[in-house]
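Thanks for passing this one along. Here are my notes, jotted down while going through the coordinates.

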Amino acid sequence: MRLIIRADAPPHMGAGHVMRCMALALAAKAQGLDVCMACRIDIRWLRERLSKENLEVVFLDGQPHGKEDPETLLQHLALSAQGVEASRCRVVLDGYHFDHACQQAVCNAGYKLLVIDDYNHLPEYHCDILLNQNLGAEDYAYKGNIGQKLLGLRYLLLRPEFAAARAKADARELPETPQKILLTLGGGDFSEHLRELVPCLGVPEMQGRTLRVITGAMPAETIRASLRDCPADIELLQNVEDIPALLLDTDLCISAGGSTCWELCCLRVPFLTVEVADNQKGIVAKLAESTLAPRFSREAFGRMLQSNNHERRKAMAAQVGCAGAQAVLEVLGT
């Protein structure tokens with residue numbers, strides 16, 4: 001049996017699709033399964049990270065389009081299958097450019113298909129298994145030819161290092177007020193969203209605190225120019241290899257509304273969310289509704305700067321586990 005994972009990461013899209021698929025790939029590899037990732041990646045640090053994990057990766061040429069061409073997709077799958085018959089392959093598609101036509105083409109070619117989704121963006125789906133790992137996924141009325149639905153945080157795709165860091169997170173005590181603040185908007189170039197946050201980050205209350213910024217694909221000079229009036233000590237972080245260690249050294253985070261939210265929940269780091277893409281609307285809304293994480297605003301940020309957010313950390317502990325990838329693999333039948 002061969003598991004083929006198809007996901008892309010150009011700068012405008014960010015790294016989230018590939019990173020959560022990497023969690024599934026690593027879990028499969030740990031079980032001794034034959035797994036290959038086929039990706040278009042134009043983010044240097046992400047290509048380096050995949051290489052360091054010793055995963056089999058087919059790096060594809062070109063950039064993702066608005067819609068993937070089904071015939072091109074089938075060619076990429078055949079290349080990644082390396083002679084293994086379609087009936088003995090499991091395919092994972094993660095990306096909004098893999099539409100209903102792509103899904104139908106993969107199934108018609110004889111592959112068993114898992115589609116990863118976030119916000120029910122298609123009128124209908126065609127797959128053996130549909131996965132939405134997000135809070136509130138059960139509320140979506142998915143339509144189409146769907147064999148089985150895996151919905152909610154039970155199927156959360158977290159990389160193995162987060163499970164390893166969980167005990168340290170449980171034992172950690174935060175300071176009375178946050179001193180080390182992390183800003184992460186994703187692996188792409190989200191400079192325009194950073195500029196929208198600047199007025200709130202320049203408040204006097206930031207004096208004496210440290211603001212760390214994960215650069216992603218944002219130019220360092222753009223970040224420094226945007227934050228020139230912020231009174232905090234500014235640290236720019238590039239090519240962060242040990243995200244769990246960084247989160248365990250973070251008192252408060254400002255995060256895009258993607259998969260990083262669940263990593264923060266896993267390690268009990270209080271955070272606020274920023275919506276940088278349409279697919280994050282539902283996640284941001286549900287996190288605010290559940291009181292796990294408010295939307296970023298000057299008022300919300302100010303409140304969280306004055307507390308260690310102990311109650312939020314307790315709520316996170318009740319929501320997020322670390323066995324989601326294994327649960328997905330069991331259903332996938334690998």
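The points below cover the cysteines, one helix and two buried residues.

1. First, a caveat: this is a predicted model. Please read everything that follows with that in mind.

2. On the cysteines, I looked for disulfides and the structure holds zero. C102 is in none, and the nearest cysteine sulfur, that of C107, is 11 Å away. C102 is also buried, at a relative accessible area of 0%.

3. What about C127, and how far is its sulfur from the closest cysteine sulfur? The partner to check is again C107, and the distance is 6.8 Å, which is too far for a bond, because a disulfide needs the two sulfur atoms within 2.5 Å. C127 is buried too, with a relative accessible area of 4%.

4. Helix 3 (residues 70–81) passes a simple length check. With 12 residues at 1.5 Å a residue, the helix should span 16 Å, and its end C-alpha atoms are indeed 16 Å apart, so the two agree.

5. Which residues of helix 3 are buried? They are L73, L74, H76, L77, S80 and A81. These cover an arc of only 160° around the axis, so they sit on the same side of the helix. The spacing makes sense: an α-helix has 3.6 residues a turn, so residues three or four places apart point the same way. E71 and Q75, on the other side of helix 3, are exposed.

6. As for what covers that buried side of helix 3, the list includes four strands and a helix: strand 1 (2–9), strand 2 (34–41), strand 3 (57–59), strand 4 (89–94) and helix 4 (100–108). Right after helix 3 comes Q82, and its phi is positive, near 50°. I'd glance at that spot when you have the model open.

7. R172 is worth a look. This arginine lies in the loop between helix 5 (160–171) and strand 8 (180–184), yet R172 is buried, with a relative accessible area of 16%. Setting aside neighbours within four places in sequence, R172 is in contact with L247, L248, D249, T250, D251, V269 and R313.

8. Finally, T184, which lies in strand 8. Is T184 buried or exposed? At 7% relative accessibility it counts as buried, since the cut-off for that is under 20%. Again leaving out neighbours within four places in sequence, T184 is in contact with I214, C253, I254, S255, A256 and T260.

How values were computed:
Residues numbered from 1 in each chain as written. Predicted model: local features only at pLDDT ≥ 70, side-chain atom pairs only at ≥ 80, totals over all residues. Heavy atoms only, no water. Buried < 20%, exposed > 50% of the residue type's maximum accessible area, 1.4 Å probe, protein only. Helix = DSSP H or I, 4+ residues; strand = E, 2+ residues; numbered from the N terminus. Contact = heavy atoms within 4.5 Å. Expected span 1.5 Å × (residues − 1). Arc of directions from axis to C-beta.
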